[in-house]
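Work through these exercises with the model open beside you. Try each task before you read its solution.

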Amino acid sequence: MQRMIGMVSLIVSILVLTGCGAGEPRTAENNAELTMTAPDSIENKSSKRAEGNAESESQDETDYVMLGQNNLDYKMAVLSEQPEADKVCIRVEPSVLRESLFYYYIPGEEDQEWLQKYMNSLPAEEKAYEGMLKDRKETGWRIHWQDKEFQVFEGGFLYYFYTDETMGEREYCVEAPKLCDYIQIMLQEKLSYDKFDPADIQTIVSAKLEVCGHITNGEYFSKTITDEEILGKLAEWFCNAEYIYGGAACANQEACLELLLENGEKVCLSVAADSCSNFAINGVYYDYRPEPVWDNSEFWEWFAWENIS
């Protein structure tokens with residue numbers, strides 16, 4: 001029991017120290033259901049499935065499993081931590097608990113042939129930026145091809161920023177809707193990598209938080225909240241969240257919040273594992289910063305572990 005209490009203190013301390021200035025903790029009482037499995041890291045969970053225990057686990061849990069060298073077996077594909085040379089690779093950030101912030105989906109031979117042909121057909125000369133991306137969100141995935149990584153924006157726009165030794169900082173932007181539609185459909189079919197608008201997060205029935213990473217010393221923790229007052233506050237924050245350009249660097253891969261909505265739909269948020277108030281849905285980032293408080297300390301209080309007894 002002393003070891004468990006010590007771990008709780010460590011988690012709370014690191015959340016405060018590694019974040020962006022979290023305030024003093026406040027006490028929050030709720031009827032949360034707490035489950036704790038330790039030391040069951042992501043790797044340990046993978047080993048159990050490899051031993052044939054997958055059938056006894058829920059469908060949600062079997063959607064992904066960690067493989068060797070930090071690869072991720074996700075949905076209907078194996079995602080790689082590194083892109084593969086001479087292949088079109090799609091960088092993704094699936095909203096599940098994972099070890100790396102992003103992975104690469106490497107399309108098969110038939111898709112590769114089409115994608116490479118299309119990428120090679122793009123204008124080689126530099127295209128002026130000209131504000132083409134104004135008010136456009138990122139799609140949550142990027143294209144890696146021949147040592148270049150293109151950001152992809154709604155409407156089918158590719159953007160690449162680079163530095164030329166003689167010309168300095170340069171921008172390349174091109175419209176390629178056919179290519180982007182092809183990849184979006186492929187990702188939806190293979191990875192269920194769907195778009196989701198946070199404005200659709202209205203009535204929440206339950207919120208399950210999973211955490212595994214540096215803030216838990218590699219151990220896996222899970223807690224479910226069903227308190228209507230707290231869920232109402234979460235819904236208010238999330239549905240009014242504002243889009244963040246360029247993502248975040250807040251260890252979002254280490255914490256996943258699964259929301260069960262009143263209509264039966266489930267949506268998973270990769271929440272910041274520090275004091276920053278942001279989350280990602282399949283690679284698209286949002287800030288749910290509650291005013292006038294600028295951090296997410298209240299969120300972590302609701303999911304705190306100090307009530308262990």
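**Exercise 1.** Is Tyr-160 buried or exposed? Then classify its ring pairing with Phe-150.

*Solution.* This is a predicted model.
Step 1. Take the relative accessible area of Tyr-160: 16%. Buried means under 20%, so Tyr-160 is buried.
Step 2. Do the same for Phe-150. Its relative accessible area is 6%, so Phe-150 is buried.
Step 3. A pair of aromatic rings is described by the distance of the centres and the angle of the planes. Ring centres must lie within 6.5 Å to pair. The chain has 16 aromatic pairs by this rule. For Phe-150 and Tyr-160 the centres are 5.5 Å apart and the planes meet at 45°, which makes the pair tilted.
Step 4. Place the two rings. Phe-150 belongs to strand β8 (residues 148–153) and Tyr-160 to strand β9 (residues 157–164), so the pair ties together parts that are 10 residues apart in sequence.

**Exercise 2.** Which residues touch the most other members of the largest nonpolar core? Trace the elements behind that core.

*Solution.*
Step 1. The core holds 33 residues. Leu-234, Phe-238, Leu-257, Leu-259, Leu-269 and Phe-299 touch the most other members.
Step 2. Elements giving two or more residues include β11 (204–212), β14 (255–261) and β15 (266–271). The element that gives the most is α5, with 6 residues.
Step 3. Zoom in on Leu-269. Beyond its neighbours within four places in sequence, its contacts include Phe-238, Leu-257, Leu-259 and Phe-279.
Step 4. Look for another core. One of 31 residues lies apart from the largest, and Leu-115, Leu-122, Tyr-172 and Ala-176 are among them.

**Exercise 3.** Where does Asn-296 lie, and what does Asn-296 contact?

*Solution.*
Step 1. Find the loop between β17 (284–287) and α6 (297–302); Asn-296 is there.
Step 2. Check burial. The relative accessibility of Asn-296 is 1%, so this residue counts as buried.
Step 3. List contacts, leaving aside neighbours within four places in sequence. They are Ala-272, Asp-274, Ser-275, Cys-276, Ser-277 and Tyr-288.
Step 4. Follow Tyr-288 onward. Tyr-288 is part of one aromatic cluster, whose members include Trp-237, Phe-238, Phe-299 and Trp-300.

**Exercise 4.** How many helices and strands does the protein chain have? Add the totals for burial and contacts.

*Solution.*
Step 1. Count elements: 6 helices and 17 strands.
Step 2. Burial: 47% of the 309 residues are buried.
Step 3. Contacts: of those with a separation of 6 or more, 63% join residues 24 or more positions apart.
Step 4. Surface: the chain exposes about 15,600 Å², with 46% supplied by carbon and sulfur atoms.

How values were computed: Residues are numbered from 1 along each chain as its sequence is written. This is a predicted model: local features need pLDDT of at least 70, side-chain atom pairs count only at pLDDT 80 or more; totals for chains, interfaces and linings use all residues. Side-chain values use heavy atoms; hydrogens and water are left out. Rings of Phe, Tyr and Trp (its six-membered ring) pair if their centres lie within 6.5 Å; planes under 30 degrees apart count as stacked, over 60 as edge-to-face and the rest as tilted. Helices (H or I, at least four residues) and strands (E, at least two) are DSSP runs, numbered from the N terminus. Buried means under 20% relative accessible area, exposed over 50%, partly exposed in between (1.4 Å probe, protein chains only). Contact means heavy atoms within 4.5 Å. Accessible areas come from the Shrake-Rupley method with a 1.4 Å probe; for residues, only the protein chains shown count as cover. A nonpolar core is a set of buried Ala, Val, Leu, Ile, Met, Phe, Trp, Tyr and Cys residues joined through side-chain atoms within 4.5 Å.
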